[in-house]
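Grab your viewer and a pencil, and let's work through a few exercises together. Try each task yourself before reading its solution.

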Amino acid sequence: MQRIPMTPRQDWRETVALQGLVFSDTTDPITGVTTSYWNEHACYELTMTEVDTLEMASENLHLMARDAAGFLAEECLKPGSPFNLGIPREAVEYAKASLERDDPSFYSRFDLIYSGNDGRPPRMLEYNADTPTGLLEAALIQWYWHEDVHLKAGMTGIDQWNGLHEELIAQWKRIDDHLGERHGVRPHMYHFAYTDADDSGEDLMTTGYIMDTAVQAGLKSKLVEMKQIGLDRENARFTDEGNLHLEAIFKLYPWEEMVFEEFGSAICSLKPDYWFQPAWTMFLSTKALSAALWYLYPRHANLIPTYMYPDDARARHDTMGMSEYVIKPLHAREGANIELHGEGRHIVQPGGWGVEGYVIQEFCKLPDFPGSDHPHNRPVLGTWMVGEECYGLGIRESDGPITDYYCRFVPNRIRI
């Protein structure tokens, strides 16, 4: 894999805004430094062999994660087990029921360390199978960049690993078929829920794009805010702001927060099968998954040593010689509350997570591709799953060893 310097399109800011990317810049409120989130001063170029390697690793990891979900469904309910998920018991039981009936997944994203240059296989940092963002950038924005920069210029031998948009549409059709077969009738309406608590507009942007893929799949769709959803207790059904019963709903809102909120006990008791992502992804969108995978598949080439912290006795034994490590909250996002001890650095990130528990993971140095635009470019490769298969790549890079909210999205291309 190489990081190739590129000349940005002259009107790139206006172009990506018209294509739906509502934030091309991010500003750190503490330092005041503004970072261009969409960065086309460079691209990452991969070979087809590297794409095949990443695709195979992601699909194998997904199968392993399904096994780990079954393990966690049993293990976390055992008295004294170190595998705490930081969610109520009734939520675990709902997630277990969802897993057993095999509720379909719409999409998910692995975050991997990989450079293609050091002989090491891809290794999993984490798996976000509940509320991954960065989808619009990966599925559409970087594809339009590829069209403008390569296809319209008549360049040959260049492609992009990106089958996301078409497959997202196809997956909605499969989900519609599944719900029709299970309930005897297809949903009349699909709701798409977001939270207005996100000031950046990213959640609404992502939810709107996902709703658009459903519309292109021929599904009648409606946008709704999470706070507008209510509960019809008489009929034991959830409703929108107009008291219309929800027949199928996608929510860009984390399960681990929902189950603690006002209707959390109700949704866990009713155990509906028409919420997406499905409830069983609670087992995957926790850092405890990494510890469960290492427990089930010790020394697997695509995994990083990870343990429940500090409750797992193996962690105290096996990490005694771990001079570099990272402590991660089970549910944190965008690098919040991470404690990193590696590369001679000792970093504690601010944030509001941690009460739910932690894992400890061996520190793995991100590859660095110094460039003229930034002296340090440390990429994390996000491989996108649609259902059970991998269909594309989104790359975010950062200046430091932690990929946080102020990272940069850089497009990819394949040399064929």
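Here are four exercises on this predicted model, each with a worked solution.

**Exercise 1. Work out how the radius of gyration of the chain relates to that of a compact globule.**

Solution. Start with the length, which is 416 residues. The globule rule is 2.2 Å times the number of residues to the power 0.38. For this chain that gives a value near 22 Å, and the chain has 21 Å, so the two agree. For a picture in three directions, take the principal axes: the C-alpha atoms fill a box of roughly 65 × 55 × 40 Å. Inside it you'll find 10 helices and 22 strands.

**Exercise 2. Find what share of the residues is buried, and what share of the contacts is long-range in sequence.**

Solution. Take burial to begin with: a residue counts as buried under 20% relative accessible area. Buried residues come to 58% of the 416 in the chain. Next, look at contacts with a separation of 6 or more; 69% of these join residues 24 or more positions apart. Then turn to the outside, where the accessible surface is about 17,300 Å². Carbon and sulfur atoms own 51% of that surface.

**Exercise 3. Count the charged side chains of each sign and locate the centres of the two sets relative to each other.**

Solution. Tally the signs: there are 36 positive and 64 negative side chains. Now take the centre of each set; the two centres lie 3 Å apart.

**Exercise 4. Classify two aromatic pairs as stacked, tilted or edge-to-face, and place them in the chain.**

Solution. A search of the whole structure turns up 20 aromatic pairs. Step one is Phe 106 with Phe 250: the ring centres are 6.2 Å apart and the planes meet at 75 degrees, so this pair is edge-to-face. Phe 106 sits in the loop between helix H3 and strand E5, while Phe 250 belongs to strand E12, 144 residues apart. Both of these Phe residues are buried.

Step two is Trp 172 with Phe 192. Their ring centres are 5.5 Å apart with planes at 80 degrees, so this one is edge-to-face. Trp 172 lies in helix H5 and Phe 192 in strand E8, 20 residues apart. Trp 172 has 0% relative accessibility, so it counts as buried. Phe 192, at 0% relative accessibility, counts as buried.

Last step: follow the ring pairs outward. They link Phe 106, Tyr 107, Trp 172, Tyr 190, Phe 192, Phe 250, Phe 276 and Trp 384 into a cluster.

Conventions
Residues numbered from 1 in each chain as written. Predicted model: local features only at pLDDT ≥ 70, side-chain atom pairs only at ≥ 80, totals over all residues. Heavy atoms only, no water. Helix = DSSP H or I, 4+ residues; strand = E, 2+ residues; numbered from the N terminus. Buried < 20%, exposed > 50% of the residue type's maximum accessible area, 1.4 Å probe, protein only. Contact = heavy atoms within 4.5 Å. Areas by Shrake-Rupley, 256 points an atom, 1.4 Å probe, with all protein chains shown as cover. Lys, Arg positive; Asp, Glu negative; His and termini not counted. Charge placed at Lys NZ, Arg CZ, Asp CG, Glu CD. Phe/Tyr/Trp six-rings, centres within 6.5 Å; stacked < 30°, edge-to-face > 60°.
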